[in-house]
Amino acid sequence: TALFYSVPETMRYVLIFLSSFIEGVPVIGSLFPGGTVALLIGSLSEGGFVNPLGAVVVIAIGTFAGDMIGFVAGSYFRHPRWLKTFIESEKHKKGWDIFDRHLAIVVIFGKLIPVVRSTPSIFAALRGVRFRRYILYSGIGSVLWAFVGVYGGNTLAKTLGGSVALLIILGLLVVSGIIFLVQRIHRKRKK
């Protein structure tokens, strides 16, 4: 833990913002263990590493900003013919209808699900969702996500003790990285 505390406080918030931002960007965010990072920051906040409420604000802003990058990118790339074919395909119609009908649930609560959390922004833009509507859902989801991650980690540290919680969360980071690599290798071998 001494390594974490050796980082100056201002830099801690900058790093928290950057990790949250990366976690919010589509595709890249699906590969980044943002949930574990939020839990890690939460567990460290129990020992005074950062103010938990400050961490919630920084994580919410970071993930929201990454999400908006995805929405803008989706809006920009929504006109190519091959993409229109994919989105308007009869084969995918039922899935898109469900997505459209439950957009608020997908965007708000999807933030709590690894891999899924960073993808709705690009799909919402491709589907023509209004920017203001998406901002509202993304803002609510980002705050919910940050609150659950930070205070979940904080509660874990209080319950199990800071060092044990930190080891569990760091273990989750390592295991999730290994699982990702194994899946990636497995997919390449299948092809």
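**Entry 1: the aromatic cluster**

I opened this predicted model and went straight to the rings: Phe71, Phe131 and Tyr134 make up one aromatic cluster. I then counted the aromatic pairs and got 4. The pair of phenylalanine 71 with phenylalanine 131 is tilted, with 5.4 Å centre to centre and 50 degrees between the planes. Phenylalanine 71 sits in helix H5 and phenylalanine 131 in helix H10 (residues 131–160), so this pair ties together parts that are 60 residues apart in sequence.

I looked at how covered each of these two rings is. Phenylalanine 71 is buried, at a relative accessible area of 3%, while phenylalanine 131 comes out as partly exposed at 41%.

Next I took the other partner. Phenylalanine 71 and tyrosine 134 form a stacked pair, 4.9 Å centre to centre and 20 degrees between the planes. Here too the residues belong to helix H5 and helix H10, so the pair ties together parts that are 63 residues apart in sequence. I noted that phenylalanine 71 and tyrosine 134 are both buried.

A reminder to myself on reading such pairs: the distance of the centres and the angle of the planes describe them.

**Entry 2: the chain as a whole**

I stepped back to see what the rings sit in. The protein chain has 11 helices and 0 strands, so I will call the elements by their helix numbers from here on. Of its 191 residues, 37% are buried. The chain exposes about 11100 Å², and carbon and sulfur atoms supply 70% of that.

I also asked how far along the sequence the contacts reach. Among contacts between residues at least 6 apart in sequence, 82% join residues at least 24 apart.

**Entry 3: how far to trust the model**

Which element has the highest mean pLDDT, and which the lowest? H5 has the highest, at 91, and helix H6 (residues 81–88) the lowest, at 65. For the protein chain the average is 79, and 79% of the residues score at least 70. I wrote a note in the margin: where pLDDT is low, the predicted coordinates should not be read in detail.

**Entry 4: two serines**

I picked serine 138 in helix H10. Buried or exposed? Serine 138 is buried, because its relative accessible area is 0% and the cut-off for buried is under 20%. Leaving out residues up to four places away in sequence, I found serine 138 touching Phe64, Asp67, Met68, Val107 and Lys111.

For a second look I chose serine 20, which is found in helix H2. Serine 20 is also buried, with a relative accessible area of 5%. With residues up to four places away in sequence again left out, serine 20 touches Ile59, Gly62 and Thr63.

**Entry 5: a nonpolar patch on the surface**

I turned the model to look at its outside. Met11, Val14, Leu15, Phe17, Leu18, Leu53, Val57 and Ile61 make a nonpolar surface patch of about 680 Å². Helix H2 (9–24) and helix H5 (52–76) are the elements that give two or more residues to the patch. Which helix gives the most? H2 does, with 5 residues.

I checked one member of the patch more closely. Leucine 15 lies in helix H2 and counts as partly exposed, at 44% relative accessibility.

**Entry 6: two more residues**

Valine 27 was next on my list. Where does valine 27 lie? It is in the loop between H2 and helix H3 (28–31). At 60% relative accessibility, valine 27 counts as exposed, since the cut-off is over 50%. I then measured out a pair in the model's coordinates: the C-alpha atoms of valine 27 and arginine 117 are separated by 9.9 Å, with their positions 90 residues apart along the chain.

My final stop was isoleucine 168, in helix H11 (residues 162–190). Isoleucine 168 is partly exposed, at 38% relative accessibility. From isoleucine 168 to leucine 156 I noted 9.6 Å, C-alpha to C-alpha, and 12 residues apart in sequence.

Technical notes. Residues are numbered from 1 along each chain as its sequence is written. This is a predicted model: local features need pLDDT of at least 70, side-chain atom pairs count only at pLDDT 80 or more; totals for chains, interfaces and linings use all residues. Side-chain values use heavy atoms; hydrogens and water are left out. Patches are made of residues with over 30% relative accessible area and no salt bridge: like charges are joined within 9 Å, nonpolar side chains (Val, Leu, Ile, Met, Phe, Trp, Tyr) within 5 Å. Accessible areas come from the Shrake-Rupley method with a 1.4 Å probe; for residues, only the protein chains shown count as cover. A salt bridge is a side-chain nitrogen of Lys or Arg within 4 Å of a carboxyl oxygen of Asp or Glu. Helices (H or I, at least four residues) and strands (E, at least two) are DSSP runs, numbered from the N terminus. Buried means under 20% relative accessible area, exposed over 50%, partly exposed in between (1.4 Å probe, protein chains only). Rings of Phe, Tyr and Trp (its six-membered ring) pair if their centres lie within 6.5 Å; planes under 30 degrees apart count as stacked, over 60 as edge-to-face and the rest as tilted. Contact means heavy atoms within 4.5 Å. pLDDT is the predictor's confidence in each residue, from 0 to 100.
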